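Here are some notes from my read-through, numbered so you can reply point by point. Keep the structure open as you go.

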Amino acid sequence: RPAVETALDELIARLIRSLARRGEGAEALVFAIERVDGGRQEIAVGAAAPTRDGPRIARLFREKLDDLDAGFGIEAASLAAIRTAPLSGAQADALGPKTTPDALTRLIDGLGNRLGFDAVARYAPAPRWQPERSFRLVPAGAEAPASEPWPAAPGPRPLRLLKQPLPVEVRAEVRAGANPLAAPDAVRRGRHWRRVRDAAGPERILPEWREPDPDWPTPRDYWRIQTADGERLWLFREDGPAGGRWFLHGFFP
């Protein structure tokens, strides 16, 4: 194995020089050995994004080198980038640390080569008003989708969206002439009531008429709520036959 690693490192260095001359990075690579008995073995790896990072490429292959069987000896070795893409230099952060490894890309590389890149997904925007339908899953190694001609959301959206809105109790002071759609004065989370310190809204979101959702029968009035203890919540009020009901749908950072 040490001899194979030495050959691999030399081939990676040559490949990086060739890619740099063309301004490209490798997305899929194959390392092959030719044995003295005429047999041939290959190891294929992929990268989540085009790369000319030698240590990163070597790390991807080293996880699979034990799969090679040298037999009575290796006569030759080769390395090929079977899929490449343009790769330009990235601006470094002069005020940041000396080295800033891309942990997310490394994670996708590792999972993709074990499970297949189609099995590793990330979220991408979808052109829908309804929050539960405003995103979709795409392969993590795929190129970022082109922006679709769809207007931006009229208000901020939470970083964490609950899969199912959670019913919550709210409390509002009874005041003469008060707007029945106004924000609550307190929200019950768990066993405790939390006073509302600030509120922005309402933002009305209507059900989608093209693809009706049985869980969204009526308009929703959304509020961005900040409680006295600093929690930032995304609440909405939904009017039904039994009156207005309040739900927690997400959390802002």
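1. The H1/H2 crossing. Bear in mind throughout that this is a predicted model. The crossing of H1 and H2 comes out right-handed. On the H1 side the contact is made by Glu5, Leu8, Asp9, Ile12 and Ile16, and on the H2 side by Gly54, Ile57, Ala58, Phe61 and Arg62. Sorted by class, this contact of H1 with H2 has 6 nonpolar residues, 1 polar and 3 charged.

2. Geometry of that pair. H1 covers residues 2–22 and H2 covers residues 54–62; they pack at an angle of about 140 degrees, and their axes are 10 Å apart. Angles over 145 degrees would count as roughly antiparallel, so H1 and H2 go down as oblique to each other.

3. The other partner of H2. H2 also packs with H3, here at an angle of about 25 degrees and with the axes 11 Å apart. That makes this pair roughly parallel, since the cut-off for that label is under 35 degrees. The crossing of H2 and H3 is right-handed. Arg56, Arg59 and Leu60 of H2 meet Thr105, Arg106, Asp109 and Asn113 of H3. By class, the contact of H2 with H3 has 1 nonpolar, 2 polar and 4 charged residues.

4. What is buried on H2? The list is Gly54, Arg56, Ile57, Ala58, Leu60 and Phe61. These buried residues pack against H1 and H3, and also against strands S1 (24–35), S2 (40–51) and S3 (74–86). Note that Gly54, Ile57, Ala58 and Phe61 also belong to the contact with H1, while Arg56 and Leu60 belong to the contact with H3.

5. A buried charge worth a look. Asp109 sits in helix H3, which spans residues 103–115. Is Asp109 buried or exposed? Its relative accessibility is 2%, so Asp109 counts as buried; the cut-off is under 20%. Its side chain is joined to that of Arg56 by a polar contact of 2.6 Å, and Arg56 is itself among the buried residues of H2. Beyond residues up to four places away in sequence, Asp109 touches Gly46, Ala47, Ala48, Arg56, Leu60 and Phe117.

6. A second buried charge, further along. Arg220 lies in strand S9, and with 3% relative accessibility Arg220 counts as buried too. Which side chains make polar contacts with that of Arg220? One is the side chain of Glu132, at 3.4 Å, and another is that of Glu238, at 3.5 Å. Setting aside residues up to four places away in sequence, Arg220 touches Glu132, Pro165, Glu203, Arg204, Ile205, Asp215, Phe236, Arg237, Glu238 and His249.

7. The loop ahead of S9. Asp215 is in the loop between S8 and S9, the latter being residues 220–227. Its relative accessible area is 51%, so Asp215 is exposed; the cut-off there is over 50%. Apart from neighbours within four places in sequence, Asp215 is in contact with Arg220 and Glu238. The C-alpha atoms of Asp215 and Gln164 are separated by 9.6 Å, with the two positions 51 residues apart along the chain.

8. Please check the cis peptide. The bond from Gly201 to Pro202 is cis, with omega near 0 degrees. Gly201 is in strand S8 (residues 192–205), and Pro202 is found in S8 as well. At 47% relative accessibility, Gly201 counts as partly exposed. Outside its neighbours within four places in sequence, Gly201 is in contact with Tyr222 and Trp223. The C-alpha atoms of Gly201 and Asp221 are 7.9 Å from each other, for residues 20 apart along the chain.

9. The overall layout, for context. The protein chain has 3 helices and 11 strands. Starting at the N terminus, the order is α-β-β-α-β-α-β-β-β-β-β-β-β-β. Of the 253 residues in the chain, 33% are buried. Taking contacts between residues at least 6 apart in sequence, 53% join residues at least 24 apart.

Terms used: Residues are numbered from 1 along each chain as its sequence is written. This is a predicted model: local features need pLDDT of at least 70, side-chain atom pairs count only at pLDDT 80 or more; totals for chains, interfaces and linings use all residues. Side-chain values use heavy atoms; hydrogens and water are left out. Axes are lines fitted to C-alpha atoms, for helices over the stretch in contact, and angles run from 0 to 180 degrees between N-to-C directions. Helices (H or I, at least four residues) and strands (E, at least two) are DSSP runs, numbered from the N terminus. Angles under 35 degrees count as roughly parallel, over 145 as roughly antiparallel, 65 to 115 as roughly perpendicular and the rest as oblique. A crossing is left-handed if the near helix is turned anticlockwise from the far one by less than a right angle, and right-handed if clockwise. Contact means heavy atoms within 4.5 Å. Ala, Val, Leu, Ile, Met, Phe, Trp, Tyr, Cys and Pro count as nonpolar, Asp, Glu, Lys and Arg as charged, and the others, Gly among them, as polar. Buried means under 20% relative accessible area, exposed over 50%, partly exposed in between (1.4 Å probe, protein chains only). A polar contact is a pair of N or O atoms within 3.5 Å; within protein, one must be able to donate a hydrogen and the other to accept it, and residues adjacent in sequence count only if both atoms are side-chain atoms.
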